[in-house]
Amino acid sequence: MLKVIDVEKKFGELRALSGVSFKVNKDECLGIIGPNGAGKTTLFNIISGFTKPDRGEVLFRGEKISGKKPSYLVKKGLVRTFQLIKVFRQMSVEENVLTAGGGIEELKAVGLHNKRYEKAQNLSHGELRRLSIALALSTKPKMLMLDEPFSGLSSIESKELERVILSLKGCGIPLVIIEHKLKELFNVVDRVIVLNYGKLIFEGLPEEVIKDKTVIEAYLGGNGVE
Ligand SMILES: Nc1ncnc2c1ncn2[C@@H]1O[C@H](COP(=O)(O)OP(=O)(O)OP(=O)(O)O)[C@@H](O)[C@H]1O
Ligand SMILES: [Mg+2]
């Protein structure tokens with residue numbers, strides 16, 4: 001589905017990513033974890049066309065996409081959400097998805113069809129997050145990338161989002177999810193990669209990652225999964 005090959009990105013002297021390679025398989029949900037500043041969002045920006053890599057390649061469904069524009073990639077079915085929620089707050093929930101080319105199906109997929117006439121600004125944080133996912137779904141993605149979807153959500157809101165993500169998985173949409181809330185993340189992902197100072201330091205199953213010494217030292221020490 002997605003292949004990232006030896007990607008490097010520098011910001012001045014700072015090496016935000018170096019030699020990062022991994023794959024996302026068809027029907028897979030992959031988690032990306034690692035400390036603040038590890039390069040996770042930079043990696044998303046490169047894959048989704050918002051940033052150009054200095055070196056390396058990204059292939060999506062066999063096509064070389066590194067250097068292509070986000071609008072082109074969305075047409076190809078590669079879609080991401082942002083760490084900060086981007087919706088039109090003055091518009092209703094339904095108007096938001098219509099603007100993105102979607103409709104009631106996308107609202108049903110995130111459990112917001114009952115709120116379709118509500119103004120987006122009246123939604124709770126968890127509902128706004130799900131609306132942002134409905135907007136992404138409205139572009140009919142072949143792969144969906146979510147940047148910290150669980151951040152700021154209450155435990156009830158997180159459970160709702162977990163259900164939405166699992167149902168998207170059930171529909172066969174491959175997902176890539178950046179997240180610090182590991183308990184929630186590990187309930188939905190099949191596999192995890194760990195970034196630390198721009199390097200990939202681990203790739204494996206959630207149950208393996210929590211036992212990995214290097215990962216514990218770099219990250220999990222201060223962010224355990226109870
Ligand atoms: N446009 C930019 N210009 C300069 N430096 C940047 C830019 N974008 C990111 N960086 C730096 O690159 C590093 C990686 O940042 P990035 O946002 O990818 O981290 P992250 O893993 O997503 O962190 P967080 O978990 O806090 O979201 C950081 O040191 C950051 O300050
Ligand atoms: Mg980030």
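Let's start with helix 5. Its buried residues are Leu128, Arg129, Arg130, Leu131, Ser132, Ile133, Ala134, Leu135, Ala136, Leu137 and Ser138. Keep in mind that this is a predicted model.

That makes 11 of the 14 residues buried, so helix 5 is largely enclosed by the rest of the structure. What covers those buried residues? The cover includes strand 6, helix 3, helix 4, strand 7 and helix 6. Now the length. Helix 5 runs over residues 125-138, and at 1.5 Å a residue it should span 20 Å. Its end C-alpha atoms are 20 Å apart, which agrees. Just after helix 5 comes Lys140, with a positive phi of about 55°.

Next, the sheet. It is open, with 6 strands in the order 6-7-8-3-9-10, and the pairing is mixed. Strand 6 and strand 10 stand at the edges with a single partner strand each, so one side of each has no neighbour in the sheet. From one strand to the next, the twist averages 15°. Strand 6 pairs with strand 7 in the parallel sense, over 3 bridges. There, Val79 stands opposite Leu144 of strand 7.

Helix 1 packs on this sheet. It touches strands 3, 6, 7, 8 and 9, and its direction makes about 150° with that of strand 7.

Helix 1 also takes us to ligand 1. Which element gives the most to the shell around ligand 1? Helix 1 does, with 3 residues. Strand 2 supplies at least two residues as well. The surrounding residues include Phe11, Leu14, Asn36, Lys40, Thr41 and Thr42. By type, the shell divides into 4 nonpolar, 6 polar and 1 charged.

Technical notes: Residues are numbered from 1 along each chain as its sequence is written. Chains are lettered from A and ligands numbered from 1 in the order in which they are written. This is a predicted model: local features need pLDDT of at least 70, side-chain atom pairs count only at pLDDT 80 or more; totals for chains, interfaces and linings use all residues. A residue is near a molecule or strand if its C-beta atom, placed from the backbone, lies within 6 Å of it. Helices (H or I, at least four residues) and strands (E, at least two) are DSSP runs, numbered from the N terminus. Ala, Val, Leu, Ile, Met, Phe, Trp, Tyr, Cys and Pro count as nonpolar, Asp, Glu, Lys and Arg as charged, and the others, Gly among them, as polar. The expected span of a helix is 1.5 Å times one less than its number of residues. A residue is buried if 20 or more other C-beta atoms lie within 10 Å of its own, exposed if 12 or fewer, and partly exposed in between; C-beta atoms are placed from the backbone. Two residues are in contact if their C-beta atoms, placed from the backbone, lie within 7 Å. Two strands pair if DSSP finds at least two bridges between them. Axes are lines fitted to C-alpha atoms, for helices over the stretch in contact, and angles run from 0 to 180 degrees between N-to-C directions.
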